[in-house]
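Ready to practise reading a protein structure? Take your time with the picture and try each task before you look at its solution.

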Amino acid sequence: MAGTTTELASSVNPAGAASPTPGRLYEVADWYDAESLLTPDERRVLGRLRDFLEEKAKPLVGDYWERGEFPYEIAQPLIDLDLMEPAELTEGRTKPARGIYQGFRIFELARTDASIATFYTAQAGLFRTAIRVGASEEQKREWMPKVIDFSLKGVFSLTEPESGSDIAGGLATTARREPGENGDTWILDGEKRWIGGAFTADVLAVFARDVADGQVKAFLVPREAPGVTLTKIHRKTALRMMQNAHITLDGVRVTEADRLHNVNSFKDVAAMLRGMRSDVAWIATGIQAGAFEAALRYVREREQFGRQLGSFQLVQEKLARMLGNLTSSLSLVVRLTEQQEKGIYRDQDSALAKMQTSLLMRETVALAREVVGGNGITLDTDVARFHADAEAVYSYEGTHEINALIIGRALTGHSAFTK
């Protein structure tokens, strides 16, 4: 798709041909009428993002995905779009942007590429949530403006080599407090893994277990601090553009001033995860949109047996299932966002959204690859990229099973987690 923001989508007429729909951003969202949820200013900002992604980012992603590198030449221009808290939506930054706008910002990024969405939400979602939930009011006044304008770039460093789903009890990185004349210093030792965006971050938000009380604490660690070593994780088959790091912390010294003062147990970390699972549910929904649109574009153009591929009954049945999955996912993430806008944050709600959208995403990208046939395993149709990247999104910020157990605990009052 190309053109101005008033010509960025199409609807499907009864004959199956594409026709322009003035003023619409999302072809697939027309079925849900998601467009009506956004204000004209929000649509304008999202249109600016759409133009950038279509013109600058999309032509690059296939080659960079194949090489396993990130197109850093789009990073600063993407930041310059002022998307996190756009001045035109926040009355000069005096109020936060609406949650529904933030959700569709993630959706728009993910419908172009999952790695680009993950790269941006590493700052706008994970790191920002760490500061918003974990920092004291004084720390937030200092750090949050820098987070919003990207002058302080950070990443969320929780997962470890031997602990993913069991990180609550298995977190092995340690923090030891050492009193001194100039204030207390903390000594960090341990390892973190799968930390996306670490190589370009200024600081790492590192979660460690206090050896004194056994509780989880959090620290902003300069990426280039003595004792910090980053190693790129190679040989990935998903999110290949995203640069994930294995981080080693060996006697790293951090001041008490750089400890997130409102993180004093894993309960505080769990409060962060609620918001982050919501973001991933939006990513899973955006991936479905990207895969569906790519498959629909292909079957409208490809001919087999002397007929357009999209005219066959079995192809249309698969397209209908894909659209059903996408529309269901949009319904779920929009409703979750509406609840959170009212201040209702519950573990089971974000877990349900992440679990279900990821499950539907997995089927949607598989159906997209199926209708594109053999060409669906090449990067030229875009489908292969969505198909592969979905596997990473299916697992991160809580696997299907972990999220199901969170929901089950809320339903029955009994925890089925193993000790």
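Below are five exercises on this predicted model, each with a worked solution.

**Exercise 1. The whole chain**

Task: Find how many helices and strands the protein chain has, and decide how its radius of gyration fits the globule rule.

Solution:
- Step 1. Begin with the secondary structure: the protein chain has eleven helices and eleven strands.
- Step 2. Now turn to the overall form. The radius of gyration is 22 Å, close to the 22 Å that the globule rule gives for 419 residues, so the chain is as compact as a globular protein of that length.
- Step 3. Add the outline: along the principal axes, the C-alpha atoms fill a box of roughly 80 × 50 × 45 Å.
- Step 4. Look at the inside and the outside. Of the 419 residues, 53% are buried, while the chain exposes about 18300 Å², with 51% of that supplied by carbon and sulfur atoms.
- Step 5. Finish with the contacts. Among those with a separation of 6 or more, 70% join residues 24 or more positions apart.

**Exercise 2. A serine in a helix**

Task: Work out whether Ser358 is buried or exposed, and which backbone atom lies 2.8 Å from a polar atom of its side chain.

Solution:
- Step 1. Locate the residue: Ser358 belongs to helix α9, which covers residues 347–372.
- Step 2. Check its accessible area. Ser358 has a relative value of 1%, and buried means under 20%, so Ser358 is buried.
- Step 3. Find the partner of the side chain: the backbone oxygen of Lys354 lies 2.8 Å from a polar atom there.
- Step 4. Look beyond the neighbours within four places in sequence, and Ser358 is in contact with Ala284, Val393 and Tyr394.

**Exercise 3. Two phenylalanines with positive phi**

Task: For Phe150 and Phe305, decide which is buried and which is exposed.

Solution:
- Step 1. Recall the general pattern: most residues other than glycine have a negative phi.
- Step 2. Now read the angles. Phi is positive in Phe150, at about 70°, and also positive in Phe305, near 55°.
- Step 3. Place both residues. Phe150 sits in the loop between α5 and β3, and Phe305 in the loop between β10 and β11.
- Step 4. Decide on exposure. Phe150 is buried, with a relative accessible area of 9%, whereas Phe305 is exposed, with 78%.

**Exercise 4. A glutamine and its distant partner**

Task: Find how far apart Gln123 and Gly154 are in sequence and in space.

Solution:
- Step 1. Start at Gln123, which lies in helix α4 (residues 114–134) and is buried, with a relative accessible area of 4%.
- Step 2. Give both distances: Gln123 and Gly154 are 31 residues apart in sequence, and their C-alpha atoms are 6.2 Å apart in space.
- Step 3. Zoom in on the atoms. A polar atom of the Gln123 side chain lies 3.0 Å from the backbone nitrogen of Gly154.
- Step 4. Link back to Exercise 3: the contacts of Gln123 beyond four places in sequence include Phe150, along with Met84 and Leu152.

**Exercise 5. A leucine in a strand**

Task: Say where Leu204 is found, and how far apart Leu204 and Phe219 are in space.

Solution:
- Step 1. Leu204 is part of strand β6, residues 203–210.
- Step 2. Its relative accessible area is 0%, so Leu204 is buried.
- Step 3. Leu204 and Phe219 are 15 residues apart in sequence and 7.8 Å apart in space, C-alpha to C-alpha.
- Step 4. Beyond four places in sequence, Leu204 is in contact with residues including Val155, Phe219, Val228 and Ile247.

Conventions: Residues are numbered from 1 along each chain as its sequence is written. Side-chain values use heavy atoms; hydrogens and water are left out. Helices (H or I, at least four residues) and strands (E, at least two) are DSSP runs, numbered from the N terminus. Buried means under 20% relative accessible area, exposed over 50%, partly exposed in between (1.4 Å probe, protein chains only). Contact means heavy atoms within 4.5 Å. The radius of gyration is taken over C-alpha atoms; the globule rule is 2.2 Å times the number of residues to the power 0.38. Accessible areas come from the Shrake-Rupley method with a 1.4 Å probe; for residues, only the protein chains shown count as cover. A polar contact is a pair of N or O atoms within 3.5 Å; within protein, one must be able to donate a hydrogen and the other to accept it, and residues adjacent in sequence count only if both atoms are side-chain atoms.
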